[in-house]
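Please open the model in your viewer and keep the selection panel at hand. The tour goes from one stop to the next, naming what to select and then what is found there.

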Amino acid sequence: MEKVLVCGAGGFIGHHLMRYLKEKGYWVRGADIKLPEFSSPDEADEFLQIDLRDMENCLKATEGIDKVYQLAADMGGMQYIANTHADVMRNSGLINLNIAEACKVNKVKRVFFSSSACVYPEERQLTPEVVPLKESDAYPANPDTAYGWEKLFSENLYYAYAQDHGLDVRVARYHNVFGPEGTYEGGKEKAPANMCQQVAAAPDGGSMWIVNDGKQTRSFCYIDECLEASYRLMESDITEPLNIGSDELISMEDMAQMVIGISGKKISIENDMTKAQGVRGRNSDNTLIKEKLGWAPSQKLEDGMKLTYAWINKQINPAG
Ligand code: NAD
């Protein structure tokens, strides 16, 4: 039985991935500085609550492991990464530097690195009707956040270990992953969870805010499809970076209307011009993933939003 380590297993994608890999029959070790918020660490065969900025901990976590999914990072939604630069670079940089070295020392067969659509240059994302981003667009590099620069650095860090030490590397560039059992309050939540939380908490006839004029666009990938794509990439022989995202583009205004529609409430929308909107538009070009894996995310956004809203609504209004 293959032994797999999920770094960041206390986080949103990581705890879902831990469960997914267990269901596939792997022996799974989770590692995170915190326990999963909405599920039990016992879903893994072993869960290490450790700080992966520490090299000794990374050596412990990778010991006896065949494959590593490296998802641990200092991250949050746009309001977090637009305002946190040094911590993101230092914390995530240290984690990746240590994990890459620990994989070498402990002769891990393969490592999957969760990079991000935030690696793409700002100048390609200046309008809401953005041209979808191809993997080759990443260079010449000009990410708009420190978070994106750290991801680009770490992609290259893992490739350097591949070149010099034969580490077998897979790199996914995730585009806005969402779904149930994710953070929906506290400042680190992403737009879909934030909107569901606001609408679920508001009384009928109440209001919600959206960032800026709401014309900015994004695409959102449902968690189940993110897991499927990540696993397919890990098990493939594709070593170049691949986008893992949906290519269904939506404005934030339309997404707010979608959530309101799902709730069945009457909610008015206010524009908060003080908050960071990030790039003006971003979409995933899925040509390469289709070509390389013969598969790409295809679920309609609204289907995933219904499931996400239902879960967040239950957290906020347990009595129904
Ligand atoms: P998340 O914040 O829920 O999970 C990251 C986990 O890393 C957290 O549980 C956190 O506690 C852990 N972590 C942070 N510092 C640590 C440390 N020093 N030691 C041990 N653990 C530490 O984020 P997520 O949404 O699950 O994202 C997973 C990965 O995918 C991240 O690398 C993220 O950058 C990347 N990504 C996510 C998205 C998305 O939309 N969710 C988009 C692009 C890229």
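Begin with helices H6 and H8, whose crossing is right-handed. This is a predicted model, and every value given along the way is computed from it. Select residues 191-201 for H6, then display its axis together with that of H8: the two axes come within 10 Å and cross at roughly 45°. Angles from 35 to 65 degrees fall outside both the roughly parallel and the roughly perpendicular classes, and H6 and H8 are therefore oblique to each other.

Keep H8 selected, residues 252-263, and add H10, residues 301-316; these helices pack at an angle of about 55°, with their axes 10 Å apart. H8 and H10 are therefore oblique to each other as well, and H8 passes H10 in a right-handed crossing.

Next, move to the ligand and show the residues around it, of which there are 26. Which of them come nearest? They are Ile13, Asp32, Tyr147, Val177 and Lys190. Colouring the shell by class gives 13 nonpolar, seven polar and six charged residues. If you colour by secondary structure instead, you will find that helix H1 (12-23), strand S5 (110-116) and helix H5 (146-165) each supply at least two residues of this shell, and that S5 gives the most, with three residues.

Stay with the ligand and look for its oxygen atoms, starting from the backbone of the protein. A backbone N or O atom of Ile13 lies 2.8 Å from a ligand oxygen, while a polar backbone atom of Gly11 is 3.0 Å from an oxygen atom of the ligand. Then select the side chain of Lys34, which has a polar atom 3.5 Å from an oxygen atom of the ligand. With a surface switched on, you can view how far the ligand is enclosed: the protein covers 92% of the 820 Å² of accessible area that the ligand has on its own.

The last two stops concern backbone geometry. Most residues other than glycine have a negative phi, and most peptide bonds are trans. Select Lys107, in the loop between helix H4 (86-105) and S5, and check its phi, which is positive at about 55° although Lys107 is not a glycine. Finally, go to the loop between S5 and H5, where Pro140 has its place, and select Tyr139 along with Pro140: the peptide bond that joins them is cis, with omega about 0°.

Conventions. Residues are numbered from 1 along each chain as its sequence is written. This is a predicted model: local features need pLDDT of at least 70, side-chain atom pairs count only at pLDDT 80 or more; totals for chains, interfaces and linings use all residues. Side-chain values use heavy atoms; hydrogens and water are left out. A residue is near a molecule or strand if one of its heavy atoms lies within 4 Å of it. A polar contact is a pair of N or O atoms within 3.5 Å; within protein, one must be able to donate a hydrogen and the other to accept it, and residues adjacent in sequence count only if both atoms are side-chain atoms. Accessible areas come from the Shrake-Rupley method with a 1.4 Å probe; for residues, only the protein chains shown count as cover. Helices (H or I, at least four residues) and strands (E, at least two) are DSSP runs, numbered from the N terminus. Ala, Val, Leu, Ile, Met, Phe, Trp, Tyr, Cys and Pro count as nonpolar, Asp, Glu, Lys and Arg as charged, and the others, Gly among them, as polar. Axes are lines fitted to C-alpha atoms, for helices over the stretch in contact, and angles run from 0 to 180 degrees between N-to-C directions. Angles under 35 degrees count as roughly parallel, over 145 as roughly antiparallel, 65 to 115 as roughly perpendicular and the rest as oblique. A crossing is left-handed if the near helix is turned anticlockwise from the far one by less than a right angle, and right-handed if clockwise.
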